[in-house]
Amino acid sequence: MGGLLSHPVTAVHLQRRANDKFQCGVATLQGWRISHEDAHCIDLDWGLTHEEGFFAVLDGHTGNDAAEFGAKELPKQLSESAGDPEDPVQGIQAGFLATDEALRQSHSEAGAVVVASIVTPLGNGKYKVRIMNAGDSRAVVFSGKHVDMAKLEKAQDDVTKQLCNDDSTEASSDRGLLGGGDPLGSKKNLAALSEEDVGLLAATKDHKPDDPEEKARIEEAGGFVSSEEPARLCGVLALSRGLGDFAYKDDEDLSADKQKCIAVPDVKEVVVEAGDWVVLACDGVFDVMSNEDVAREVMVRAQSGQDLAEIATEVLQRCLNLLDSKDNMTCMVIRVGTSELGLETEVPDEKQEELQLGGYSDPQTLAPGMAEKYQTFFRKAGFSKNPAACSTCSRVYRHMAQCPCKNAVYCGVTCQKKGWKDHKKVCKAVKGNVPASPTAATDTASSAGRKGHHGGHNVWAQPADSSLRHLVPEAVKLFERSQSPMIGWGDTPLTPSRLLGMLDAAEIDQMLLSAWVRPGGIEAVSNEKVLSFTTAAPDRFFGLAAVDLDRPVEAARLIEKAVKDDGFVGVRIMPWLWDRPPTHETYYPIYLKCVELGVPLCTQVGHTGPARPSDTGRPIPYIDRVALHFPELRIVCGHIGHPWLHEMMSVMWKHENIYLDTSAYLPKMYGRDLLAYMHTKSGSRKVMFGTNFPQLDLTKCMQQVHQLGLPPDVKDCFLTTNAQKVFALPLPAAIAAAAVLLQQQQQQSGFGQPGLPSADGAGKNGSDEENRVVDEAFMRSLTVTPVPPGHYTEEENNFLVDQMVKHR
């Protein structure tokens with residue numbers, strides 16, 4: 001099962017999806033485990049006809065890369081093989097094996113068990129449900145059409161009372177801590193319900209090593225099953241089927257279905273009717289709940305009006321809090337026949353992704369180190385490290401909106417209307433109230449004065465001027481050969497406003513500014529100087545901290561302060577500056593702190609332009625070894641990697657956590673091989689735009705990027721999306737600027753301004769009804785600034801702009 005935390009991470013990530021055929025809700029939480037290794041997939045328009053639904057839950061181990069890989073690859077492979085009319089079961093098994101082989105080619109050492117379902121409409125309210133599993137997760141299919149709901153509701157009440165009042169649960173027993181098996185078997189199916197009582201139609205079988213059929217195959221392949229509890233394959237794996245775990249699939253004389261561990265799923269098929277249910281969940285749920293327990297929970301809670309994601313969440317909360325499950329947990333609830341039942345066929349975009357903060361609702365009460373665990377979970381779910389809750393309902397969704405006064409956040413127009421009566425009394429955007437702070441005014445000015453969203457994110461730059469020539473003399477010749485614009489600056493200092501002008505001229509949205517610390521603690525560019533830029537324009541500049549490698553413990557403390565207190569988004573270390581390869585022991589406390597805080601480590605690869613040795617910039621062995629030791633550490637390698645570019649590309653292909661930026665090279669010098677790699681599936685999400693400013697001119701770099709002829713999707717990833725994802729950058733402020741422009745246009749047209757409410761809430765003129773209309777119109781106009789969710793795709797950016805305009 002792996003190590004356990006001192007306290008569980010109780011935050012829950014909820015997702016909701018629906019169309020005219022299916023409704024689906026899923027909830028996932030980290031719980032007691034050190035990291036979250038589950039993944040899942042929902043596709044409501046799957047298959048060659050786009051009429052089927054594909055659903056999967058993957059429970060990873062030894063890292064999350066096998067689960068994440070499988071969640072993306074399995075639906076692709078099955079779409080090609082599962083439709084075999086002659087032998088659909090064999091087609092599904094072929095899709096699993098193809099996914100397993102693709103995972104092997106990625107050189108992953110992780111594993112994942114899979115439970116999935118394909119749901120096919122047959123017409124006349126009938127649906128064919130195929131459930132499949134490889135491992136110890138489980139699928140159950142049940143119907144509420146002929147069950148006694150009164151009996152289930154009474155059973156639900158009885159079980160809840162018994163669990164809440166029963167002190168006999170051995171929450172700290174060795175069985176519970178070791179995981180697997182049935183540590184709380186006496187607590188399963190407490191209501192003593194039968195399969196008929198809950199309308200059970202089908203369920204998958206868990207694949208445990210001590211199952212007679214599984215054990216026979218393992219021993220025939222030369223393995224053994226331990227006698228401990230839980231039983232383990234070769235004394236290691238508590239499962240006998242799944243993706244990955246290739247150390248137990250290494251006998252070249254045996255076929256894929258005869259190995260000690262196999263990826264061949266069992267497949268069952270059942271025909272259901274509109275209104276019936278499918279639940280997929282990992283062993284963290286089914287180790288402590290029976291099939292009957294889960295079916296009862298789902299149907300009773302659905303009867304009370306809870307949506308499917310909320311039902312899945314309640315199942316997880318019961319497992320965690322009352323049944324002492326110690327594993328990661330994911331539960332997916334699917335209901336078929338949406339349109340036949342008259343249910344909602346669409347989930348509003350703003351409600352599709354939700355985060356329940358759990359213990360993070362009051363971070364000050366968390367045990368030491370736990371806040372960082374929550375933040376890592378938030379970022380993995382696609383939210384920011386410090387999510388903003390709705391000022392009215394306290395819920396947290398992926399797409400939130402912020403009042404321009406920056407003191408209120410809303411999940412949608414409904415909550416904004418409810419909260420406006422109180423908020424308008426203190427809103428700084430309302431004429432007559434206290435004016436916005438100088439910083440806020442600066443932010444608005446820096447955003448509103450721009451032409452719009454340009455899409456450029458420069459991930460390597462320094463807020464340096466001519467003083468750098470004296471503090472880093474090794475780089476003087478490099479800057480001269482590069483015809484750096486800094487040479488012509490003379491003694492003119494670089495200020496935030498001056499650099500903002502350069503960004504606007506180059507059509508660059510955001511810039512990551514790095515500090516520089518060299519041996520002896522000499523600050524060529526101090527963290528404080530970087531902070532002065534990020535404070536002046538927090539929507540444009542983002543900081544990368546630098547530290548003294550000779551004082552690694554103090555460096556770790558400084559990184560924590562820079563990230564938590566000053567909002568820095570990463571750390572940068574230049575190996576050539578210290579003449580130490582990235583595998584040197586003094587780096588390791590810094591790597592650990594970056595993992596703990598969930599921020600990237602930026603470094604340099606390739607030869608050094610400055611007059612220093614280049615061997616510290618070899619991707620292999622150095623970056624490769626660090627990635628193996630720290631699989632959770634996102635590493636951004638700057639300066640392309642020449643003359644070891646092919647080493648760099650192979651390391652990126654091998655490790656999910658390795659990225660590259662193109663700093664220090666003009667785009668026309670990227671070379672054919674790098675551009676070809678950027679067009680691949682791996683390369684398109686791995687390479688980011690950088691300049692090494694002030695070495696290279698910003699405008700010249702952007703002009704040459706546009707001349708590369710990159711396809712729009714590749715270009716968007718290169719200039720914007722990859723940086724937003726890796727560094728969790730907020731949405732560019734151009735959307736807020738566009739909203740301000742819209743407000744100005746409304747005011748110029750005579751709409752909104754005449755009846756603007758004053759501090760006491762009364763309009764300056766007009767009747768009460770006219771004031772009410774204008775009051776509501778003004779309130780709606782405040783939803784202008786999307787709250788940073790961690791990262792957005794370009795498609796999501798465009799969607800938010802469209803929604804903002806639509807709500808005007």
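Let me start with one residue. Asp327 has a relative accessibility of 8%, so Asp327 counts as buried, the cut-off being under 20%. Keep in mind throughout that this is a predicted model.

What does Asp327 form a salt bridge with? The partner is Arg33, and the closest N and O atoms of the two are 2.7 Å apart. The two residues sit 294 residues apart in the chain, so this salt bridge links distant parts of it: Arg33 belongs to strand 2, residues 22-33, while Asp327 is in the loop between helix 8 (308-321) and strand 12 (329-336). Arg33 is buried as well, with a relative accessible area of 10%.

Now stay with strand 2. How many of the residues of strand 2 are buried? The count is 12 of the 12, so strand 2 is largely enclosed by the rest of the structure. Next, its neighbours. On strand 1, residues 4-18, the pairing with strand 2 is antiparallel and runs over 9 bridges. The two strands form a hairpin, with 3 residues between them. Within that pairing, Leu14 stands opposite Ala27 in strand 2. Strand 2 also pairs with strand 12, again in the antiparallel sense, over 8 bridges. There, Gly25 stands opposite Val333 in strand 12.

Strand 1 has another partner too. Strand 13, residues 353-356, is joined to strand 1 by 4 bridges, and the two run antiparallel. Leu14 turns up again here, opposite Glu354 in strand 13. As a general reminder, strands of a sheet pair through backbone hydrogen bonds, either parallel or antiparallel.

Put these strands together and you get a sheet. In what order do the strands of this open sheet come? There are 8 strands, in the order 8-7-11-12-2-1-13-14, and the pairing is antiparallel. The edge strands are strand 8 (200-203) and strand 14 (396-397), each pairing on one side only.

Helices lie on this sheet. Helix 8 lies across strand 1, strand 2, strand 11 (277-281), strand 12 and strand 13, and runs at about 25° to strand 2. Helix 9, residues 370-380, packs on the sheet as well, touching strand 1, strand 2 and strand 13. The direction of helix 9 makes about 20° with that of strand 1.

Back to salt bridges for a moment. How many salt bridges does a search of the whole structure find? It finds 46. I will show two more. In one, the side chains of Glu214 and Arg241 meet, with 2.8 Å from N to O. Glu214 is in helix 5, residues 212-220, and Arg241 is in the loop between helix 5 and strand 9 (243-244), 27 residues apart. Glu214 is buried at 0% relative accessibility, and Arg241 is buried at 5%. Both residues also belong to a network of salt bridges, which links Lys205, Asp211, Glu213, Glu214, Arg217, Arg241 and Asp266.

The other is between Lys126 and Glu273, at 3.0 Å from N to O. Lys126 is in strand 6 (residues 126-134) and Glu273 in strand 10 (residues 266-273), 147 residues apart. Are these two residues buried or partly exposed? Lys126 is partly exposed, with a relative accessible area of 35%, and Glu273 is partly exposed at 32%.

Further along the chain there is another open sheet of 8 strands. Its order is 17-18-21-22-23-24-25-26, with parallel pairing. Strand 17 (457-461) and strand 26 (687-688) stand at the edges with a single partner strand each, so one side of each has no neighbour in the sheet. As an example from this sheet, strand 21 (residues 541-545) and strand 22 (residues 570-572) pair in the parallel sense over 2 bridges. Leu544 stands opposite Gly570 in strand 22. Helix 20, residues 645-654, lies across strand 24 (635-638) and strand 25 (658-661), running at about 140° to strand 25.

Last, helix 24, residues 712-727. With 16 residues at 1.5 Å a residue, helix 24 should span 22 Å, and its end C-alpha atoms are 22 Å apart, which agrees. Where does helix 24 bend? The bend is at Phe718, by about 50°. Phe718 is among the buried residues of helix 24, which also include Val714, Cys717 and Leu719. Just after the helix, Ala728 takes a positive phi of about 55°.

Technical notes
Residues numbered from 1 in each chain as written. Predicted model: local features only at pLDDT ≥ 70, side-chain atom pairs only at ≥ 80, totals over all residues. Heavy atoms only, no water. Expected span 1.5 Å × (residues − 1). Bend = angle between axes of the 7 residues up to and from the residue. Buried < 20%, exposed > 50% of the residue type's maximum accessible area, 1.4 Å probe, protein only. Salt bridge = Lys/Arg side-chain N within 4 Å of Asp/Glu carboxyl O. Pairing = 2+ DSSP bridges. Contact = heavy atoms within 4.5 Å. Axes fitted to C-alpha atoms, helices over the stretch in contact; angles between N-to-C directions.
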